[in-house]
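Student: I have just opened this structure and would like a guided tour. Could you take me through it step by step?

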Amino acid sequence: MAKTLEFRGIGKSYPGVRALDNVNFKVESGKVLALLGENGAGKSTLLKILSGDQKPTDGEILVDGKPTVFNSPHDAHAAGISVIYQERQLMPSMSVAENIFAGAIPVKGKGPMVDWKKLYEETKKLIDFFGLDIDPSEQVGRLSIANQQMVEIMKAYRRNSDIIAYDEPTAPLSEKEIELMFQGIEKQKQRGMAIIYVSHRMNEIFRITDEIVILKDGKHVATMETAKTTEAELITKMVGRDIGDTYSNLRRNTPKEEVVLEVKNLNTPKLHNVSFQVHAGEIVGLAGLVGAGRTETARAIFAADPITSGEIWLGGKQTHFKSPRDAIDAGVALCPEDRKEQGLVMYRSISDNIALPVVEYLKKGLFVDRGIAGDLADKAVSDYDIKTPTIMKLVAELSGGNQQKVILGRWTSDAVKTKLLILDEPTKGIDVGTKAEIYQKVCDLASEGIAVLFISSELTEVINLADRIVVMRGGSISGELPRAEATEENVLTLAMADEAKKEAKA
Amino acid sequence: MKKDTSFKGKLKALTQKKIFTLICLYIVMVIIFSVWAELRHTHFLTVPVFKNILNSLVVTSFLTLGAGCLLIGGYLDLAQSSIGAFGSMVMAAAIAGWGFPWYIAIIVALLLCAVFGVINALMVTKLHFPAFIGTMAMASMVKGLMYLFSSMGTGGTAQNINFNNKATEFIGSGDILGIPFGVIVMVIFFIIFGILMSKTSFGMKVTLMGGSPVAATLAGINAEGLTILLFVISAVMGGLGGVFNCARLSQGALQALTTNQFTGLTAAILGGISFGGGVGGMGGAFVGLLILNTFQIGMGIVGVNPLWVTVFSGILLLIALGLDFLAMQRRAKSLSH
């Protein structure tokens with residue numbers, strides 16, 4: 001126990017790219033160190049080196065002061081290091097116990113028979129230690145995302161890892177689940193583990209970390225004590241320029257009277273009597289816990305899922321959309337939650353992805369004129385400042401922020417007449433600098449008169465961006481808050497009222 | 001931001017295309033066979049040999065077209081050859097037994113094939129079967145139906161149906177100015193499909209859908225409609241293969257297309273259409289098919305034991321796909337950091 005980890009002069013070169021350059025820092029036992037940087041700053045590369053997945057080109061890693069070389073992830077495990085990636089590395093069809101003890105399943109005597117009783121008992125002990133309510137024999141794939149994350153944490157704990165690195169662990173979690181996860185990290189801290197924590201969320205970094213290392217373009221920019229710094233200072237160091245307070249610098253617009261979207265008593269298998277309005281030029285935040293029905297509402301309006309009853313009015317007319325095509329033709333646009341799976345055709349060009357909803361618009365006579373698609377794409381690239389050498393680049397090769405800009409550009413091209421823009425978690429996994437750009441763009445679109453429905457799990461974001469917040473809980477609307485009353489506390493109270501009651505009963 | 005339009009730029013863009021690699025591979029293959037044949041005191045690079053190669057492409061070229069479009073759209077159809085065989089049997093029965101004119105017989109056969117295509121599509125779109133499983137079951141059912149159908153006039157014995165018809169004989173073996181009729185139709189179809197897939201909104205939508213059906217649907221592309229259309233095209237193209245097979249033999253044969261369950265798919269994949277959909281074109285598929293058949297005929301000419309030719313065909317496919325797979329892996333790896 002009580003180990004330290006030190007990176008000394010770490011550098012990593014790929015053909016044509018210097019991904020990391022002279023990174024030096026040290027994580028002490030019982031401390032949490034944040035690794036901060038924009039997308040592409042080199043955080044993932046550093047984690048890959050730590051996990052033994054890749055070897056550094058220069059420098060060395062010291063565990064307890066001793067230089068250590070990892071030739072494979074197995075070597076890293078053996079040295080007591082666990083890296084928990086964003087994409088969980090679990091076997092979904094196996095039980096919780098089997099996942100946690102994979103590689104060290106207890107056997108009867110000298111084997112080969114598995115000692116199931118002992119396996120489940122040991123797992124139960126771990127689950128109790130973390131204060132969770134999970135059945136050791138449950139299939140991991142059937143657990144909530146948060147509990148799957150906890151299984152990863154228990155796995156690392158079981159391995160007796162002394163050094164754990166988390167790569168954006170809270171991205172898929174709701175506020176309440178994050179709380180659970182932080183308690184887990186607190187327990188690990190107390191046990192003297194050294195923790196590296198990668199996240200874009202400032203409030204989390206200030207809450208749980210002791211020290212912050214900032215990377216920019218592969219270079220180690222600064223190491224700071226969390227207690228002695230401010231958010232503004234971190235962002236300046238990270239972005240390399242002063243972008244000021246993200247929210248107070250936004251150029252905003254006042255919503256108009258005209259109602260663009262009106263949802264009346266909408267019902268689907270997952271939604272109950274959902275009613276709300278969005279005005280022209282208004283940004284309405286849709287808040288709630290994961291599973292509260294926000295995405296389902298968006299999909300129902302967009303006719304991606306069928307509705308059982310209720311009415312949807314757009315621009316004063318009742319709609320009867322049969323498919324997303326009808327919705328798009330009427331001026332509704334959806335940027336889906338999962339941009340890689342649902343938003344983009346990854347192995348196609350920027351140009352193709354922007355033309356995706358308007359292929360018919362490209363027609364000249366019998367044939368498609370790709371020049372028109374090129375013009376649309378050129379405009380989106382300049383409007384949104386998409387960083388790419390050419391519009392023919394595959395979107396898979398772009399950073400997350402630029403990918404999101406491609407989707408936004410798609411829905412605001414001249415070929416679509418968007419009146420209502422639905423954004424489902426548009427800034428998930430996007431760095432601070434690009435986030436600020438996207439916020440400003442959303443405000444600009446609103447001032448052009450577009451009605452915006454903004455779904456986000458990041459409370460600060462919804463509160464600061466939205467003109468009005470609609471809160472959902474368990475498939476229903478639990479309340480509405482005007483901008484003036486939108487505080488984290490008020491939103492959370494509305495989002496979790498039932499949960500609190502349930503807990504009070506239990 | 002603009003495309004490089006200089007000659008050098010165009011040349012560079014050309015060499016980066018998959019079809020360029022394929023054509024180079026083909027030329028290398030032709031050279032090897034030519035030299036090898038000379039060493040064995042025979043000839044490979046002659047007009048009759050290439051006429052023979054082109055002729056051998058006709059039936060399977062239609063299967064390749066159908067399978068290629070479908071694969072670009074992200075699906076595969078293992079029932080295609082069975083449906084084609086069924087079509088060929090119906091055509092023979094319509095001419096021999098029911099006395100239909102040859103063109104009506106062909107239309108009836110193709111329409112029936114289209115119906116099977118619709119059933120395939122509905123299994124995938126409505127019942128959400130994986131295409132692999134749905135069409136594999138369909139392959140067996142259609143084959144059984146073909147046996148039953150062929151036995152209807154004979155009191156229960158499945159058998160080939162023979163007929164005599166001047167028009168179908170011309171379709172199968174006639175030529176215009178020395179070029180086989182089938183080859184002409186094949187070339188026309190490849191041009192039409194090539195334009196369809198690369199220049200029209202239909203082709204663009206199919207390609208984008210193949211890349212990501214979910215994203216395409218959420219961007220307003222009617223993926224379900226396109227899928228149905230693609231399965232119908234696959235089945236009708238299978239049927240057209242069956243029609244040419246039937247016309248060539250003047251017979252609805254029980255054994256028609258039995259060895260071709262994977263031919264269209266193999267040629268399409270060899271021609272650079274990605275197994276996952278969304279990548280590739282008809283030109284590549286044609287060269288893929290050309291490589292397959294030239295390889296087999298070339299092996300025959302230089303005197304390789306025919307029993308070994310099948311093994312070598314497998315190795316050829318393995319090498320071609322292996323290179324593709326490695327290229328994909330390298331690309332995926334370069335994207336991951």
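Student: How many bridges join strand 4 of chain A to strand 5 of chain A?
Tutor: Happy to start there! This is a predicted model, in which local features need pLDDT of at least 70 and side-chain atom pairs count only at pLDDT 80 or more, while totals for chains, interfaces and linings use all residues. Residues are numbered from 1 along each chain as its sequence is written, and chains are lettered from A and ligands numbered from 1 in the order in which they are written. Strands (E, at least two residues) and helices (H or I, at least four) are DSSP runs numbered from the N terminus, two strands pair if DSSP finds at least two bridges between them, and for the antiparallel strands 4 and 5 (residues 66–68) of chain A the number of bridges is 3.

Student: In the hairpin of strand 4 and strand 5 of chain A, which residue takes a positive phi?
Tutor: Look first at the pairing, where A:Ile61 stands opposite A:Thr68 in strand 5 of chain A. The hairpin has 2 residues between the strands. Most residues other than glycine have a negative phi. Here the positive phi, near 55 degrees, belongs to A:Asp64.

Student: Which residue stands opposite A:Leu5?
Tutor: Strand 1 (residues 5–14) of chain A runs antiparallel to strand 4 (residues 58–63) of chain A, and 5 bridges join them. The partner of A:Leu5 in strand 4 of chain A is A:Val63.

Student: In what order do the 4 strands of the open sheet of chain A lie?
Tutor: Start from the edges, which are strand 12 and strand 15 (317–318) of chain A, since each pairs on one side only. Strand 14 (residues 309–314) of chain A pairs with strand 15 of chain A in the antiparallel sense over 2 bridges, and A:Trp313 stands opposite A:Gln318. The pairing in this sheet of chain A is antiparallel, and the order is 12-11-14-15.

Student: Is A:Asn273 buried, exposed or partly exposed?
Tutor: A:Asn273 sits in strand 12 (residues 271–279) of chain A and has a positive phi near 45 degrees, though it is not a glycine. A residue is buried if 20 or more other C-beta atoms, placed from the backbone, lie within 10 Å of its own, exposed if 12 or fewer, and partly exposed in between. With 13 other C-beta atoms within 10 Å, A:Asn273 is partly exposed.

Student: And is A:Glu425 buried or exposed?
Tutor: A:Glu425 lies in the loop between strand 19 (420–424) and helix 15 (432–447) of chain A. Its phi is also positive, about 50 degrees. Because 23 other C-beta atoms lie within 10 Å, A:Glu425 is buried.

Student: How far does helix 15 of chain A reach from its first C-alpha to its last?
Tutor: The expected span of a helix is 1.5 Å times one less than its number of residues. For the 16 residues of helix 15 of chain A that gives 22 Å, and the reach is close to this, at 23 Å.

Student: Which domain of chain A does helix 15 help to bring into contact with domain 3?
Tutor: The domain bounds come from an automatic or database assignment, which gives chain A domain 1 (5–239), domain 2 (243–331 + 418–506) and domain 3 (341–416). Two residues are in contact if their C-beta atoms, placed from the backbone, lie within 7 Å, and 12 residues of domain 2 of chain A are in contact with 10 residues of domain 3 of chain A. Helix 15 gives 5 residues, the largest share of the side that touches domain 3, and that side belongs to domain 2 of chain A.

Student: How many residues of chain B are in contact with chain A?
Tutor: On the chain A side, helix 1 (43–50) and helix 10 (324–329) are among the elements that give two or more residues. There are 34 residues of chain A in this contact, and from chain B the number is 21.

Student: What is the radius of gyration of chain B?
Tutor: Chain B has 14 helices and 4 strands. The globule rule, 2.2 Å times the number of residues to the power 0.38, gives 20 Å for its 337 residues, so chain B is as compact as a globular protein of that length, with a radius of gyration of 21 Å.
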